[in-house]
Amino acid sequence: MRFAHRHLLGIEHLSQSDITAILDLAETYVDMNRQSTKRSDVLSGLTQINMFFENSTRTQASFELAGKRLGADVMNMAMQASSIKKGETLIDTAMTLNAMHPDLLVVRHPHSGAVDLLAQKVNCAVLNAGDGRHEHPTQALLDALTIRRAKGRLHRLNIAICGDVAHSRVARSNLILLGKMENRIRLIGPPTLVPGQFAEFGAEIYDDMNEGLQGVDVVMMLRLQKERMDGGFIPSEREYYHRYGLNAEKLALAKPDAIVMHPGPMNRGVEIDGTLADDINRSVIQEQVEMGVAVRMAAMDLLARNLRDAA
Ligand code: NCD
């Protein structure tokens, strides 16, 4: 399996065959993760540092478990408590860590482009765990694996991405990935949250959810990213739920076997009905979390093979 990249910075840089290679390898890790002994040594001797400059529950836990299950030495930097607070720049922090010879650096940062910049300054492999509104490649890959397993394929599907597209790196990475794999994508939300320029990605835009959901195979809901809003995007959460919140009634407009996805964390009763989110017959939200560990194991495994080849 060839993966000709030093870093995993965005879906933008990946080809169809790169995406397929990661997903195929991830399948083997899904099986491994379901065994009682979850242990491989493909990263043994390697040091993985997780640097999260933004809060994260599932992504950080998922990268940490992924590294540990593959035998890496994993360190989580508490960035809140670090020298950043004393005014050290991102690059100085990165250079300091670089001098300790990590092999894999997993970085989340609130600014779009910060992770790419950092990757240019260090000698190790860098994985983007989300940068601003730009990209979140492992999220799109885990979503792709979840879809492929539920639908038996990852092409020629009708996929609706609904809600706060404007502020979402998850939406952006998914748009790029699902487009590369030749799916039809609809973006659903109010014009304030789904600006017209997203049509550039080849997506159809709907502001009426009842229209947009007709006949789709996959409904991907997004969190209303209140922390990235400076007011004026929605009239009220109640009104938003009424028009754009997913419930069983709206889901009935999609294909009868349509799946419901959400990257988490969810605002129950704002973008999605809590009961529907928990309905194991329709919702694959827990499976997304499971696939996340496997996809991150696959991505780090592939990058580590390149590190070893280069050594
Ligand atoms: C997403 C993120 O941080 O971009 N969460 C995640 O990684 N699972 C989406 C979000 O915060 O809404």
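# Reasoning behind the labels

Student: Why is Val 170 called buried?

Tutor: In this predicted model, Val 170 has a relative accessible area of 9%. The label buried applies under 20%, so Val 170 receives it.

Student: Where does Val 170 sit, and how far is its C-alpha atom from that of Gly 130?

Tutor: Val 170 belongs to helix H6. Its C-alpha atom is 8.2 Å from that of Gly 130, although 40 residues separate the two along the chain.

Student: What makes a residue part of the surroundings of the ligand, and which residues are these?

Tutor: A heavy atom of the residue must lie within 4 Å of the ligand. Val 170 is one of the residues around the ligand, together with Arg 58, Thr 59, Arg 108, His 136, Gln 139, Arg 169, Arg 223, Gln 225, Pro 263, Gly 264 and Pro 265. By class, this shell holds three nonpolar, five polar and four charged residues.

Student: How do you know that Arg 108 and Arg 223 make polar contacts with the ligand?

Tutor: A polar contact requires a pair of N or O atoms within 3.5 Å. A polar side-chain atom of Arg 108 is 3.1 Å from a ligand oxygen, and for Arg 223 the corresponding value is 2.7 Å. Both values lie within the 3.5 Å limit, so both pairs count as polar contacts.

Student: Which part of Pro 263 approaches the ligand, and at what distance?

Tutor: A backbone N or O atom of Pro 263 is 3.0 Å from a nitrogen atom of the ligand. This pair also falls within 3.5 Å and therefore counts as a polar contact. As for cover, the ligand taken alone exposes 320 Å², and the protein buries 93% of that area.

Student: What kind of space does the ligand take, and which elements give two or more residues to its shell?

Tutor: The ligand takes the space of the largest pocket. Helix H2 (58-69) and helix H6 (169-180) are the elements that give two or more residues to the shell.

Student: What makes the peptide bond between Gly 264 and Pro 265 stand out?

Tutor: The bond joining Gly 264 and Pro 265 is cis, with omega about -5 degrees. Most peptide bonds are trans. Pro 265 lies in the loop between S9 and H10.

Student: Why is Glu 271 called buried?

Tutor: Its relative accessibility is 0%, which is under the limit of 20%, so Glu 271 counts as buried. Glu 271 is in the loop between strand S9 (259-261) and helix H10 (274-277). Between the C-alpha atoms of Glu 271 and Gly 163 there are 7.3 Å in space, and the two residues are 108 residues apart in sequence.

Student: Is Asp 217 buried or exposed, and what polar partners does its side chain have?

Tutor: Asp 217 has a relative accessible area of 6%, under 20%, and is therefore buried. A polar side-chain atom of Asp 217 is 2.8 Å from the backbone nitrogen of Asn 158. The side chain of Asp 217 also makes a polar contact with that of Lys 255, at 2.7 Å. Asp 217 is in the loop between helix H7 (209-212) and strand S8 (218-221).

Student: What makes the phi values of His 101 and Glu 182 notable?

Tutor: Phi of His 101 is near 60 degrees, and phi of Glu 182 is near 65 degrees. Each is a positive value in a residue other than glycine. Most residues other than glycine have a negative phi.

Student: Why are His 101 and Glu 182 called exposed?

Tutor: Exposed means over 50% relative accessible area. His 101 has 63% and Glu 182 has 56%, so both meet the condition. His 101 is in the loop between helix H3 (90-98) and strand S3 (104-109), while Glu 182 is in the loop between H6 and strand S6 (184-188).

Student: How do you know that Leu 303 and Arg 282 are buried?

Tutor: Leu 303 has 1% relative accessibility and Arg 282 has 19%. Both values are under 20%, so both residues count as buried. Leu 303 is in helix H11 (residues 285-310), and Arg 282 is in the loop between H10 and H11.

Note on methods:
Residues are numbered from 1 along each chain as its sequence is written. This is a predicted model: local features need pLDDT of at least 70, side-chain atom pairs count only at pLDDT 80 or more; totals for chains, interfaces and linings use all residues. Side-chain values use heavy atoms; hydrogens and water are left out. A polar contact is a pair of N or O atoms within 3.5 Å; within protein, one must be able to donate a hydrogen and the other to accept it, and residues adjacent in sequence count only if both atoms are side-chain atoms. Accessible areas come from the Shrake-Rupley method with a 1.4 Å probe; for residues, only the protein chains shown count as cover. On a 1 Å grid over the protein atoms alone, a cavity is a set of points where a 1.4 Å probe fits but cannot get out, and a pocket is an open set with protein on both sides within 12 Å along at least five of seven lines; lining residues have an atom within 4 Å of a point. A molecule sits in a cavity or pocket if more than half of its atoms lie within 2 Å of its grid points. Helices (H or I, at least four residues) and strands (E, at least two) are DSSP runs, numbered from the N terminus. Ala, Val, Leu, Ile, Met, Phe, Trp, Tyr, Cys and Pro count as nonpolar, Asp, Glu, Lys and Arg as charged, and the others, Gly among them, as polar. Buried means under 20% relative accessible area, exposed over 50%, partly exposed in between (1.4 Å probe, protein chains only).
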